[in-house]
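This report goes through one predicted model. The surface comes first, then the overall form, the helices and three single residues.

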Amino acid sequence: MDRMLFFMWRILRRPPSRTGLIVMLVALALAIGLVLVERYVGWPDWMRVDRPPRPRLPHL
C-alpha cells in the first residue's frame with residue numbers, strides 16, 4: 001500500500017505528459033475489461049490455464 005501511495009504522490013507532484021496519461025488509461029481500461037470478461041462471460045475451454053495432472057507413481 002505504501003508503494004501505491006508513493007506512486008500517487010509522485011503523479012500528483014509531477015503529472016505525466018499527455019502520451020503517458022493516455023498509456024496509463026489504456027492499460028487501466030484493458031485490465032478492467034479483462035476482469036469484466038472473466039467475471040461475466042468467462043473464458044472458453046481452450047483458453048483455460050489449468051495445470052496438467054502430474055503422473056503419479058503406482059502404489060506397491
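About 6,900 Å² of the chain is exposed in this predicted model. Carbon and sulfur atoms supply 66% of that exposed area. Burial is the other side of the account: of the 60 residues of the chain, 0% count as buried, the cut-off for buried being under 20% relative accessible area.

The chain has 2 helices and 0 strands. Its radius of gyration is 21 Å, whereas the globule rule gives 10 Å for 60 residues; the chain value is well over that, so the chain is more spread out than a compact globule. Along the principal axes, the C-alpha atoms fill a box of roughly 65 × 30 × 20 Å.

Charge can be described in the same plain way. The chain carries 10 positive and 4 negative charges. The mean position of the positive charges and that of the negative charges lie 11 Å apart.

Helix α1 covers residues 2–13. Helix α2 covers residues 18–41, which is 24 residues. From the first C-alpha of α2 to its last, the helix reaches 33 Å, close to the 34 Å expected at 1.5 Å a residue. What follows α2? Gly42 does, with a positive phi near 90 degrees.

Three residues serve as sample points along the chain. Phe7 lies in helix α1, Leu28 is in helix α2, and Arg56 is in the segment after α2. The table gives, for each of them, a partner residue, the separation in sequence and the C-alpha to C-alpha distance.

| Pair | Separation in sequence | C-alpha to C-alpha distance |
|---|---|---|
| Phe7 and Leu30 | 23 residues | 20 Å |
| Leu28 and Pro44 | 16 residues | 23 Å |
| Arg56 and Asp45 | 11 residues | 25 Å |

How accessible is each of the three? Phe7 has a relative accessibility of 33% and counts as partly exposed. Leu28, with a relative accessible area of 49%, is also partly exposed. Arg56 has a relative accessible area of 72% and is exposed. The reasoning rests on two limits: a residue is exposed over 50% and buried under 20%, with partly exposed in between. Leu28 at 49% is therefore partly exposed, and Arg56 at 72% is therefore exposed.

Key. Residues are numbered from 1 along each chain as its sequence is written. This is a predicted model: local features need pLDDT of at least 70, side-chain atom pairs count only at pLDDT 80 or more; totals for chains, interfaces and linings use all residues. Side-chain values use heavy atoms; hydrogens and water are left out. Helices (H or I, at least four residues) and strands (E, at least two) are DSSP runs, numbered from the N terminus. The expected span of a helix is 1.5 Å times one less than its number of residues. The radius of gyration is taken over C-alpha atoms; the globule rule is 2.2 Å times the number of residues to the power 0.38. Buried means under 20% relative accessible area, exposed over 50%, partly exposed in between (1.4 Å probe, protein chains only). Accessible areas come from the Shrake-Rupley method with a 1.4 Å probe; for residues, only the protein chains shown count as cover. Lys and Arg count as positive and Asp and Glu as negative; His and the chain ends are not counted. The place of a charge is taken as NZ of Lys, CZ of Arg, CG of Asp or CD of Glu.
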